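Visitor: I would like to go through this model and ask, label by label, what earns each one. Could you show me the structure?

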Amino acid sequence: MGIDFFIGLFLATLIVALFTARLYRLILWYSMNSLALGILALMVGKSLDDEAMLITGVATLVIKAVGIPYMLKHFSEKFHFVRQIQPQIKTHYAIMLIPAILVFTFYLSEPITHMVEGNANYVAVSISSLFLSLLLMMEHRHVAPKIIGFLSMENALFLLGITATGGMPMLVELGIFFDLLMAIVVMNLLFHKEEEVRS
């Protein structure tokens, strides 16, 4: 029951982020999304008695739920980013588009769900989150929301790995965090570039 709640919270924070028109609120929803992911990793690790997954859950909470949102806020203040980030897709179109994506991804994942251990709906939610994160990247023209969309896609892939395989090898988890480290470096470069363009 607890896993169902946090899976739902993970998806809900992503949907709310799609309608957010302020940068700091978008960062907050990304932090909540990562918090739900970290708690899910801890719960799965505890149920499987997987020490590597428990370590990954703690690292997710520290790095993604706290560290990266803090850095994003710091960068946005340092480079004086626009706080208003109105989505390019109008709200009434988004209200129709998001349920369509959810229905499509649940239909798309149906042929593979019988091969998945545990609740097959978790895989569908993970794939839905992947498409919604892509939509988050597409509906904004500023670099900061696009980066948050990219990081949300990484969260969705991580959730897919947890739910589809019942835990991931430690080497894969370390590779994901290395990708995140490189993403932070790219973030800094992009922020510098946008500041140069604006000035």
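Visitor: Which helices supply residues of the nonpolar patch?

Guide: In this predicted model, α4 (91-113) and α5 (121-138) each supply at least two of the patch residues. The largest share, three residues, comes from α5. The members are Phe104, Leu108, Phe131, Leu134 and Met138, and together they offer about 470 Å² of accessible area on the surface.

Visitor: What makes Met138 exposed?

Guide: Met138, which lies in helix α5, has a relative accessible area of 60%. Exposed means over 50%, so Met138 is called exposed.

Visitor: And why are Phe104 and Phe131 called partly exposed?

Guide: Partly exposed covers the range between under 20% and over 50%. Phe104 has 45% and Phe131 has 31%, so each of these two residues falls in that range. A patch residue needs over 30% relative accessible area, and Phe131 with its 31% meets that condition.

Visitor: How many aromatic pairs are there in the whole structure?

Guide: A search of the whole structure finds two. In one of them, the rings of Phe5 and Phe6 have their centres 5.1 Å apart and their planes at 80 degrees.

Visitor: Why is the pair of Phe5 and Phe6 called edge-to-face?

Guide: Ring centres must lie within 6.5 Å to pair, and planes over 60 degrees apart count as edge-to-face. With 5.1 Å and 80 degrees, Phe5 and Phe6 satisfy both conditions, so the pair is edge-to-face.

Visitor: Are Phe5 and Phe6 buried or exposed?

Guide: Phe5 is exposed, because its relative accessible area is 54% and the cut-off is over 50%. Phe6 has 18%, and buried means under 20%, so Phe6 counts as buried.

Visitor: What makes Phe104 and Phe131 an edge-to-face pair?

Guide: Their rings are 6.2 Å apart, centre to centre, with 80 degrees between the planes. The distance is within 6.5 Å and the angle is over 60 degrees, so the pair qualifies as edge-to-face. This pair links distant parts of the chain, with Phe104 in helix α4 and Phe131 in helix α5, 27 residues apart.

Visitor: How do you know that Lys73 lies over the face of Tyr24?

Guide: Lys73 is placed at 5.2 Å from the ring centre of Tyr24. The distance limit for a charge over a ring is within 6 Å, so 5.2 Å passes that part of the test.

Visitor: What is the salt bridge here, and what makes it one?

Guide: Side chains of opposite charge can pair when their charged atoms come close. Lys64 and Glu154 have their closest N and O atoms 2.6 Å apart. The rule asks for within 4 Å, so the two residues form a salt bridge. The count by this rule comes to one.

Visitor: Where in the chain are Lys64 and Glu154?

Guide: Lys64 is in helix α3 and Glu154 is in helix α6, so this pair links distant parts of the chain, 90 residues apart. Both Lys64 and Glu154 are buried.

Visitor: Which residues touch the most other members of the largest nonpolar core?

Guide: Leu23, Leu72, Leu132, Ile148 and Ile162 do, in a core of 39 residues. Helices α1 (2-18), α2, α3, α4, α5 and α6 (143-165) each supply at least two residues of this core, and α2 gives the most, with nine.

Visitor: Why do Ala156 and Leu160 get separate labels for accessibility?

Guide: Ala156, in helix α6, has 1% relative accessibility, and the cut-off is under 20%, so Ala156 counts as buried. Leu160, also placed in helix α6, has 24%, which lies between the two cut-offs, so Leu160 counts as partly exposed.

Visitor: What is the phi of Asp49, and where does this residue lie?

Guide: Phi of Asp49 is near 55 degrees, a positive value in a residue other than glycine. Most residues other than glycine have a negative phi. Asp49 lies in the loop between α2 (23-48) and α3 (51-78). With 70% relative accessibility against a cut-off of over 50%, Asp49 counts as exposed.

Terms used
Residues are numbered from 1 along each chain as its sequence is written. Side-chain values use heavy atoms; hydrogens and water are left out. Patches are made of residues with over 30% relative accessible area and no salt bridge: like charges are joined within 9 Å, nonpolar side chains (Val, Leu, Ile, Met, Phe, Trp, Tyr) within 5 Å. Accessible areas come from the Shrake-Rupley method with a 1.4 Å probe; for residues, only the protein chains shown count as cover. A salt bridge is a side-chain nitrogen of Lys or Arg within 4 Å of a carboxyl oxygen of Asp or Glu. Helices (H or I, at least four residues) and strands (E, at least two) are DSSP runs, numbered from the N terminus. Buried means under 20% relative accessible area, exposed over 50%, partly exposed in between (1.4 Å probe, protein chains only). Rings of Phe, Tyr and Trp (its six-membered ring) pair if their centres lie within 6.5 Å; planes under 30 degrees apart count as stacked, over 60 as edge-to-face and the rest as tilted. A charge sits over a ring if NZ of Lys or CZ of Arg is within 6 Å of the ring centre and within 35 degrees of the ring normal. A nonpolar core is a set of buried Ala, Val, Leu, Ile, Met, Phe, Trp, Tyr and Cys residues joined through side-chain atoms within 4.5 Å.
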